[in-house]
Amino acid sequence: MTHETLPLRIRGQRFDLGGRVWLMGVVNVTPDSFSDGGLYLDPARAVDRALEMAFEGADILDIGGESTRPGSQPVPETEELGRVLPVIRALRKKTPAFISVDTAKAGVARAALDAGADMVNDTTAFRGDPAMAGVVARAGAAAVLMHMRGTPATMQDDPRYDDLVGEIRGFLAERVAAAEAAGVPAERLIVDPGLGFGKTVDHNLELLRRQAEFHALGRPLLLGFSRKAFLGAILDRPPAGRLEGTIAAAVLSVERGAHILRVHDVGAVARAV
Ligand code: HH2
């Protein structure tokens, strides 16, 4: 087991991650996200929920305007911007918490960073938009690089791996190198094996179990298991009823040295960990 402390630079500030786990609160400003779709499409409600999460203990608020649930379709850029920008602008005035924009579009990332966001959470790890790495580099922002097999439309069509952890770790190492080559220093990068993105229930459980093997990448490890379908498959419960599974995964992840947990139920997970 590794409980390594790793530096992370966000907007010029350096943090040593690894002592206390950081929580990233999920705010989906979407009509169709798998667990909270439609709840926070109204910007005022999204802002209120994000501030509540900051109060409950979120270090980072992750604002997304496009669902990536299995089978979801892309949203036009203007629509995505219209969803996330008012929320980011309002939050920047109201909270010192870090603000992350969950997007794969460079145009959305650029506008969000200009509006005060501190980092970009890109589920395509800079592969979705060729301009993304340059936008992050120029803004001096931090970024999450996540593994996904295929696209949200196709990712759950019979995903297979010969060497699950080895292939995903190799992918993340390659994406960190590509980001560095594009001008984003490694100190600003966070890695994520992408639970639920082109993985079966067994794949997700194996990734949770073997997550410490990702510490070899030398970058802070983020995990997103909150309310996901693999927990629902075990609990036989709908998304909002998967809190026990979410907490179990959170506690196990802290014990294995994860640095950042991306969760919807910030208060409950904060108390548990
Ligand atoms: N999971 C989701 C979205 N973004 N980003 C990272 N880095 N890691 C994840 O595991 C991850 C993510 C899916 O969850 P959610 O945002 O709640 O749902 P939706 O994509 O339907 O909006």
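Tutor: Helices (H or I, at least four residues) and strands (E, at least two residues) are DSSP runs, numbered from the N terminus. With that in hand, Arg 210 can be placed in the loop between helix 6 (201-209) and strand 9. The model is predicted, so local features need pLDDT of at least 70 and side-chain atom pairs count only at pLDDT 80 or more, while totals for chains, interfaces and linings use all residues. Residues are numbered from 1 along each chain as its sequence is written, and side-chain values use heavy atoms, with hydrogens and water left out.

Student: Why is Arg 210 called partly exposed?
Tutor: Its relative accessibility is 27%, and since buried means under 20% relative accessible area, exposed over 50% and partly exposed in between (1.4 Å probe, protein chains only), Arg 210 counts as partly exposed. Between the C-alpha atoms of Arg 210 and Phe 34 there are 26 Å in space and 176 residues in sequence.

Student: What makes the contact of Phe 15 and Phe 98 an aromatic pair, and how are the rings arranged?
Tutor: Rings of Phe, Tyr and Trp (its six-membered ring) pair if their centres lie within 6.5 Å, with planes under 30 degrees apart counted as stacked, over 60 as edge-to-face and the rest as tilted. Here the centres are 5.4 Å apart and the planes stand at 85 degrees, an edge-to-face pair. Phe 15 belongs to strand 2 (residues 13-17) and Phe 98 to strand 5 (residues 98-102), so this pair ties together parts that are 83 residues apart in sequence.

Student: Why is the pair of Trp 22 and Phe 98 called stacked?
Tutor: The ring centres of Trp 22 and Phe 98 are 6.0 Å apart and their planes meet at 20 degrees, so the pair counts as stacked. This pair, too, links distant parts of the chain, with Trp 22 in strand 3 (residues 22-28) and Phe 98 in strand 5, 76 residues apart. Phe 15, Trp 22 and Phe 98 make up one aromatic cluster, and a search of the whole structure finds three aromatic pairs.

Student: How do you know whether Trp 22 and Phe 98 are buried or exposed?
Tutor: Trp 22 has 7% relative accessibility and therefore counts as buried, and Phe 98, at 11%, counts as buried as well.

Student: What is the order of the strands in the open sheet, and which are its edge strands?
Tutor: Eight strands form the open sheet in the order 8-7-6-5-4-3-10-9, with parallel pairing, where two strands pair if DSSP finds at least two bridges between them. Strand 8 (189-192) and strand 9 (222-223) are the edge strands, each pairing on one side only.

Student: How do you know that strand 3 and strand 10 pair?
Tutor: Strand 3 and strand 10 (residues 260-263) are joined in the parallel sense over four bridges, and Met 24 has Arg 262 of strand 10 as its bridge partner.

Student: What makes the contact of Arg 20 and Asp 59 a salt bridge?
Tutor: A salt bridge requires a side-chain nitrogen of Lys or Arg within 4 Å of a carboxyl oxygen of Asp or Glu, and the closest N and O atoms of Arg 20 and Asp 59 are 2.9 Å apart. Arg 20 lies in the loop between strand 2 and strand 3, and Asp 59 in the loop between helix 1 (43-56) and strand 4, so the pair ties together parts that are 39 residues apart in sequence. The two partners differ in cover, because Arg 20 counts as exposed at 52% relative accessibility, whereas Asp 59 counts as buried at 15%. By this rule the count comes to 21 salt bridges.

Student: Which salt bridges does Lys 105 form with Glu 66 and Glu 80, and at what distances?
Tutor: Lys 105 meets Glu 66 at 3.2 Å, N to O, and Glu 80 at 2.5 Å between the closest N and O atoms. The second pair links distant parts of the chain, with Glu 80 in helix 2 and Lys 105 in the loop between strand 5 and helix 3, 25 residues apart.

Student: Why is Glu 80 called buried?
Tutor: Glu 80 has 1% relative accessibility and therefore counts as buried; its partner Lys 105, at 16%, counts as buried too.
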